[in-house]
Amino acid sequence: MKTLFEQDLKVVNVGLQGFADNIAAAGGHVTHLSWSPPAGADAALGWTLANMIGDPRIENANRTAYERYLGAQPRLVDFVLARDAMPALAERRILHSGPPIAWSDMCGPQQGAICGAILYEGWAKTLEAAEKLAASGGVALEPCHAHRAVGPMAGIISPSMPVWVVENTAAGNRAFCNVNEGLGKVLRFGANSPEVLDRLRWLGSEFFTAMQVAVRGLTDADLKPLMAQALHMGDELHNRNAAASGLLFKRLTLSLLGSKLDGGAIKRALTFVAGNDHFFLNLSMAACKSMSDAAHGVPGSSMVTVMARNGVNFGIRLSGTGDKWFQAPANPVNGLYFPGYTIEDAAADLGDSAITETNGLGGFAMAASPAIVQFVGGTPADATANSRRMLSITLGSNPAFTLPALNFGGTPAGIDARLVVDAGILPIINTGIAHKKAGVGQIGAGITTAPMECFNAAIAALGDSLHTVPKAAR
Amino acid sequence: MSTRSRYYPNLYKDSVSLMTLSAKITAVSGLEAASVVMASATNVENLAQAGLGEFEVRPNDLVVAVSGSEEACVEALQKADELLTAKASGGGEEEAAAHAALTSIQMAVAQDPAHNFALISVPGDYAAAEAMKALRLGMHVMLFSDNVPPESELALKTYARDHDLMVMGPDCGTAIVNGVPLGFANVVRRGPIGVVGASGTGTQEVTVRIHQLGGGVSQALGTGGHDLSELIGGISMLYGLRALDADPATKVIVLVSKPPAPDIAARVLAIAEASAKPVVVIFLGGDPAMVTRNGVYGASYLAQAADMAVALSKGGEAAATPVSIANDMRRTLSGLARAMAPVQRHVRGIFSGGTFCFEAQLVHAAAGIRASSNTPTAGNRPLEDNWKSQENTIIDMGDDEFTQGRPHPMIDPSLRDARLRDEIADPTTAVVLFDVVLGYGASDDPIAKLLGVIGSGKAKASAAGRTVAFVGYVCGTDQDPQDRDQIVAGLKSAGVLVASSNAEAATWSAAIIAERQGVQS
Amino acid sequence: MQALSVGHALDVYSAGSGRIHSVFAHAVNVEIRRDMWTLLGAERTDLPFGIRVASMDFISLGLCRGNPVNARSGFIGFESRTARIVVDCRAAPRWTPAREHKPAWGLGQRLDLLSAVTKPLAWHGSIRMACAVVSALSNPDALDDVVSGVVGCGPGCTPAGDDVLIGILAVLGSPHSGETGSAAFHSLRRSLRPLLPRTTDISAHLLRQAADGLVGRAVHELVGASIGNAGTSALREAVNRVVDTGATSGADMCMGLLASARSFLLDHDEREAA
């Protein structure tokens, strides 16, 4: 206390405002909090949380996890069929976005997409047969995340689909993601018409061959610097990918032009890439997956390594709690709908693309790409404020991804579940909104948040695993 | 009669805001009852029992429930809605404010790592968690909140001790650290006397008196009311004592508490004795002789502790002089006693400070006068109904029963004023004894209604042939936000005998009662 | 702002307050809790009590000597008259020196290369001081006198003599200096301690740290590169990083390093060669 007597008293007032006013009136320094009970007003969970703040085991574990995340160097190393990347897909298995969910509980777009994939694989000849097969359990349905993969929207990956292979060269771990089909009637929004299947077949054959050559011939395959550059060009790498798609297009083109492939095939492949401003999204996701996978699996760490949605539930994982999912119903999306659509038409939040926010991009990098705030009636200043606010719930900021609007400070990265629950600030996600009926497509865009219940459950589990609560005995 | 309600998901308001809202809504005419509460399990159950409806809500939701005429209910709910959803001047400003709002102690530290102290006054269920976070972030803590589970208090204080930090509280209402008044505290000159107190108002009287005698206070640290229990073992008292012992700016130390358990008292006194600095100890209600030893001086009442500390700080002797009544005051008191009607025999002590209530009982008991109380000292009786005095009654209006869903009497004296009115009207009342507490946290105008209550009460009593004696103690300094001189003058002109200490006020009261009851003192 | 890396000796989680001691364009020294911490631009290499942040001009931030500094639970706040700068160190990577280096043949040649590069850059009196101290290490009676003639001697914010001593301590503190090296380390440390008030504040702190076995990353890695089998280019890089420190500081350190390495490490190598 000796040191306290020698310092200026600087008080944090937690509770009644009158006390803060009095301290200020008496000439003291005081900061008043806008406080409300954390952890959903669950006092026992709040006490567990309190004992996890400043716990050296958790701080050390977080530092290890965060360091691995910062040091990750995602590189695009290959483009192969899913079954060759993930041994589990040698069997009849289809991967989907978000946490585990039974077929009967799945939302429309995800069911539609799975049926489409079944037809694509040739496991059934008609839509009805495909549905029956899926409902009967004849095809294993598992989260992409269970196999180090990610997929946007319905996030469907089946054995014959080509996937990007991104490797974290610092640690050797790999992550996979499917190819972005474009906008409109596509599998990831649940469409499974012959036109969709035809496109998938082309992607799995001619496009696959061309792109594999392109990837294997890349002279510059490091994704982090490309993403960092795109952040300075108006992308946030979840909802805005145009700049990154353009930068990637340059590299792929040069690689293809240096190859011996048929000119027609090259042209068709590149035309496809050029026509899709969100082409890079799937690479952004794979890169992010490889970065947060590097941080995953550190016992005692409260760092969030997965955020994903399946159109019904939102699920998260922490580095220190292994494969456990912490789920809750997804929060509504605050946004604008395209003409003719309303909130009644909307599917719940869907897709693994929140892996970008998990890594400090997307909604966390909103300062780089303010356009989306217009969907919620905001200004560019609000976008910057949103990014800044996320700093309160992360372990730090990533110096590799700087944002000009934050004075070239790094984007907030490494969500600490303890801080989310303590501050009552939810991770913010920039997202598109899908129609709840399979196959209609995107009907709007906006901003949503991860549900607090996920973080409450995660903290409870981490606290249990560390036996943090002190006993009453002396 | 109708019952109507509305709930607001995830909207938190603190207890003061809830009470203010409640008061504003109740003002709607035609309304029988109104309740604005957070939807904790207890509150929801209470609402159901009071017939105000059943709710499917979560604890962080806010519920407004009203009953009365249909129109009144609708109007009341409308009013509540306006007050709860009131926006700041512009949408943009509010957004910016929301973005910048600090919602956790960690965020405050991240903004400025110089924050070294947390003052916590959230509901008891959440207070321990906030305190633990503050400690783990390297800050000292003052826990104003009460109803904190004892095991949590022990866990907090154990952690604090292991990390060279102090927890002041739970249930700590008063502190002055580095000259800054915290909680309910008075503006007091800086000086060489350090205080560690387990009682808020006890600390207030001691620090106020030190100032009035021309002395000064280096630090006034609180320990909370349960620190000296067997379970806690005086962790904070010992820490505070050691801290003041090591503080170069402190030359004399004062410890204020009720008597601790013997082994804990022994530990405290051993540390006090080992200190090179003189230590004045008042274990209120205990025998000062048990305390006195080498360099440790036992006091028997609060003002005496202050007197002794000031004397010691000037290098003089610490004489434990008892309260004596000057001759002319003795004549005044006697005169009042003789002017009373035969049936007037009882003292009615109505206190806002718990320790003042306690000390007053001790002073009366020492004069052979037993009383009933809601917080009886040894030998006194509990009241059958705390809202109704019986014979000699000395009560603490700051105790839980009177403060459920209501502000403390130091903040809002209306309940105290109402009780005083009842006491003056009671024909058996001889003396009305009360305290007026000033300083930060206390009401801006503590005697606004009181003078009127005294004036009209006196007039009615007079008309009925009774003379009632009024004795008061004003706990405040000339530097406090309220105007102490004006308050004392106002009381005196209303015929109140204003004493210079709580013990003196109780002594005057006891003298009158002794005469009225023919008791030999 | 975000810390890029933090030195291993720095406990960012325990609370403390102090003041800015000195401000340079690329470094800010802070006296806090009896230690000296240094805020460094990214281009500088790690120090045991260093906090590395993005490259910037610290002077233009408005920080001045005497400004209060507060550390609490991983955040360090610097308060100037006009602004507050808070450095977030919570999860920043900690620089920890590699424990041991594998000794390799050819120590002699590596030391020769080191000498060729650094001798021309050192202060002219440094070699003499280095040799004097190293010889006195085997003669405890003479050591105190010799050291007292070296501490605080020579030009620079960190006087050349002090830099020489740090270079010597860096080698003697290495596990590869053997028992004789370890004994010499303790003797030197004993002689050094009472003399610290004679030199500049900054240098006194650095000497005390070195005497506690704490040296900066550049010096530590140079010792490692000399002992181990780093190729010529790696060795040159390591030298350059040391030599970049200050005007002659780095080169003076190398004089100390060389003199002690020849006496305490070369024996080792020759024995293995035999």
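A salt bridge is a side-chain nitrogen of Lys or Arg within 4 Å of a carboxyl oxygen of Asp or Glu. The exercises below apply this and related ideas to a predicted model.

**Exercise 1. The interface of chain A and chain C**

Task: Determine how many salt bridges and how many residue pairs in polar contact the rule finds across the interface of chain A and chain C.

Solution.
- Step 1. Establish the contact. Chain A contributes 14 residues and chain C contributes 12 residues.
- Step 2. Consider the area. About 1,000 Å² is buried between chain A and chain C, and 50% of it lies on carbon and sulfur atoms.
- Step 3. Apply the salt-bridge rule. Across this interface of chain A and chain C, it finds zero salt bridges.
- Step 4. Turn to polar contacts. Five residue pairs across the interface of chain A and chain C are in polar contact, both residues being at pLDDT 80 or more.
- Step 5. Locate the contributing elements. On the side of chain A that touches chain C, α4 (56–71) and β14 (394–403) of chain A each supply at least two residues.
- Step 6. Sort that side of chain A by class. It holds six nonpolar, four polar and four charged residues.

**Exercise 2. The interface of chain B and chain A**

Task: Describe the contact between chain B and chain A, and state which helix gives the most to the side of chain B that touches chain A.

Solution.
- Step 1. Count the residues. The contact draws 67 residues from chain B and 50 residues from chain A.
- Step 2. Consider the area. Chain B and chain A together bury about 5,200 Å², with 64% of it on carbon and sulfur atoms.
- Step 3. Apply the salt-bridge rule. The count between chain B and chain A is three. One salt bridge joins the side chains of D112(B) and K10(A), at 3.0 Å from N to O.
- Step 4. Count the polar contacts. Between chain B and chain A there are 21 residue pairs in polar contact, both at pLDDT 80 or more.
- Step 5. Identify the helix. Helix α6 (residues 124–136) of chain B gives the most to this side of chain B, with eight residues.
- Step 6. Sort the side of chain B that touches chain A by class. There are 39 nonpolar, 16 polar and 12 charged residues.
- Step 7. Look for strand pairing between the chains. Strand β1 (residues 10–14) of chain A pairs in the parallel sense with strand β4 (residues 117–120) of chain B, over four bridges. Within β4(B), A118(B) is the bridge partner of V12(A).

**Exercise 3. The surroundings of strand β17 of chain A**

Task: Decide whether strand β17 of chain A is mostly covered or mostly uncovered, and find the strands that pair with β17(A).

Solution.
- Step 1. Assess burial, for which the cut-off is under 20% relative accessible area. Six of the eight residues of β17(A), residues 442–449, are buried, and the strand is thus mostly covered.
- Step 2. Find one partner. Strand β12 (residues 334–337) of chain A pairs with β17(A) in the antiparallel sense over four bridges. Here L336(A) has A445(A) as its bridge partner.
- Step 3. Find another partner. Strand β16 (residues 428–434) of chain A is also antiparallel to β17(A), with seven bridges. Here T431(A) has G446(A) as its bridge partner.

**Exercise 4. An open sheet in chain A**

Task: Explain why one side of β11 and of β13 of chain A is left without a neighbour in the sheet.

Solution.
- Step 1. Write the strand order. The open sheet of four strands in chain A runs β11-β10-β9-β13, with antiparallel pairing.
- Step 2. Examine the edges. β11 (326–329) and β13 (350–351) of chain A stand there, each with a single partner strand, so one side of each has no neighbour in the sheet.
- Step 3. Inspect one pairing. Strand β10 (residues 313–318) of chain A is joined to β11(A) by four bridges and runs antiparallel to it. N313(A) stands opposite P329(A) in β11(A).

**Exercise 5. Unusual backbone geometry**

Task: Locate D164(B) and R34(C), and state for each whether the residue is exposed, partly exposed or buried.

Solution.
- Step 1. Recall the background. Most residues other than glycine have a negative phi, and most peptide bonds are trans.
- Step 2. Examine D164(B). Its phi is positive, about 55 degrees, although D164(B) is not a glycine. D164(B) lies in the loop between α7 (150–162) and β6 of chain B, and is partly exposed, with a relative accessible area of 47%.
- Step 3. Examine R34(C). Its phi is positive, about 65 degrees, and R34(C) is not a glycine. The residue lies in the loop between β3 (27–32) and β4 (35–41) of chain C. R34(C) is exposed, with a relative accessible area of 79%.
- Step 4. Add a peptide bond. G169(B) and P170(B) are joined by a cis peptide bond, with omega about 0 degrees. P170(B) is placed in the loop between β6 (167–168) and β7 (174–177) of chain B.

Methods: Residues numbered from 1 in each chain as written. Chains lettered and ligands numbered in written order. Predicted model: local features only at pLDDT ≥ 70, side-chain atom pairs only at ≥ 80, totals over all residues. Heavy atoms only, no water. Contact = heavy atoms within 4.5 Å. Buried area = accessible area lost by both parts, 1.4 Å probe. Polar contact = N/O pair within 3.5 Å; in protein donor to acceptor, adjacent residues only side chain to side chain. Nonpolar A, V, L, I, M, F, W, Y, C, P; charged D, E, K, R; others polar. Buried < 20%, exposed > 50% of the residue type's maximum accessible area, 1.4 Å probe, protein only. Pairing = 2+ DSSP bridges.
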